Amino acid sequence: MKRSIWLRTTALLGGTLIFSVLSAQNFDALFLRRTLRMDYIHSGSSGKSEISLYRLVEEPFWGGPVKNLIDTFNYGECMVKMFDLNTNALLYSRGFSTLYNEWLTTPQARTEVFAFEESVLLPFPREKVKVVLYQRDSNQEFQPLFSTVIDPGSLSIIRDQLPAYSSGTITGEGLAENTLDIVILPEGYTSAEKDKFIKDATRFAENLLSWAPYRDLRNEIRIRYVFAPSDESGTDIPGDTIWKRTLFDTHFYTFGTERYLSVKNIWKMHDVASVVPYDAVCVLVNTTKYGGGGIFNFYTVCTADNKASYFVFCHEFGHAFAGLADEYFDSEVAYEGFYNLEKEPWEPNITTLVHFERKWKDMLEPETPVPTPPSDQYKNKVGVFEGGGYMAKGIYRPWINCSMRGVVNDGFCPVCRRAITRMVHFVSDH
Ligand SMILES: [Zn+2]
């Protein structure tokens, strides 16, 4: 306990110092414009989580910002921080969530131990650094889970040449640090289906940019694809005993939910993505089945050919990119007590009203009652409507039916739009 308090105090001091002076020149003094990727196993059960380092990889580009290096959002179930080894100054931090953190909320996690691949992306340091991974405890406080010292000159950092995967820009221009760089990757496309993948990736990129607020932020967004073939077309559908040999080993029926599609081979996913600079990875799965998934600062995964696929892609990308919560509470996905009602959840678009002033209180009209009745009178108004985050009581959402609640195309509510806009500005150094 003592150790965690010390770490947090140091982090705050370091953060203030660095944040006030950082510029692109400072970035180049501290970092190379490459990525240091840390691949590790996140394992455990609801009682105990563990991180085991697997390898360090040098990726050839840095897709992230060069000024906004300190996370100002505090989103996610986990946080990575990089400290200068000598001064302990905080050099870099980013919040994120993982599939492991979702697994912790399932009943199996009470009795079984399970392991997941994960990666964090860091700007490549010029000098030795300390990297610490944190995970939230039941009070939502970040507690340190793992710490390591990294010597950038170490012979153990993997510096393999990348495979000759073909890549291209679908839309946008500009430097990686001045844009949100999205990379769309293929899953379950064979070599013969390369043209289909590029067409599919282009369709999804254009559709995303047709939704508010992305359409007004086009100048800050660049979308690329990388192509790498799978042996077979499609993906695993365990409930139908369909199994396919694919690049990232995606599958439906994650945690027993048919439509929940997830990625198993996280490290391979990053290997393929690293051909280009990227902030956000989206995996397009070559099937007509309905489904997808999105985890904050981890990945977006979605099927290519279902009639609701455009909606699913934008909804899941809302989770993965902007940390948005599900605003629904009336579906088969009913996690038991998913949110602690005595705490304010970290997601920007739901509230327990514990610290509503940190959320969208400033966007309410003065005469709007709290909570707000879901009546026609408040149909197109920002309010505080009960139900959200898989819970019918005690959690409130800002809009009656936003795209984070139901199948509504181009229907992000003003609160979600603001959260997305802030994140686009952050990763593009605006
Ligand atoms: Zn919303």
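Helices (H or I, at least four residues) and strands (E, at least two) are DSSP runs, numbered from the N terminus. Residues are numbered from 1 along each chain as its sequence is written. The model is predicted: local features need pLDDT (the predictor's confidence in each residue, from 0 to 100) of at least 70, side-chain atom pairs count only at pLDDT 80 or more, and totals for chains, interfaces and linings use all residues.

**Exercise 1.** Find which residue follows α7 and state its phi.

Solution.
1. Helix α7 covers residues 414-427.
2. Asp429 follows α7, and its phi is positive, near 60°.

**Exercise 2.** Determine how the buried residues of α4 are arranged around its axis.

Solution.
1. Helix α4 spans residues 194-208. A residue is buried if 20 or more other C-beta atoms lie within 10 Å of its own, exposed if 12 or fewer, and partly exposed in between, with C-beta atoms placed from the backbone.
2. The buried residues of α4 are Phe197, Asp200, Ala201, Phe204, Ala205 and Leu208.
3. Seen down the axis of α4, these fall within an arc (of the directions from the helix axis to the C-beta atoms) of 130°, so they line one face of the helix.
4. Asp195 and Lys199, on the other side of α4, are exposed.

**Exercise 3.** List the elements against which the buried residues of α4 and of α7 pack.

Solution.
1. For α4, the partners are β9 (166-171), β10 (180-187), β11 (221-227), β12 (280-285) and α6 (309-322).
2. In α7, the buried residues include Val415, Ile420 and Val427.
3. The buried residues of α7 pack against β10, β11 and α6.

Key. The expected span of a helix is 1.5 Å times one less than its number of residues. Two residues are in contact if their C-beta atoms, placed from the backbone, lie within 7 Å.
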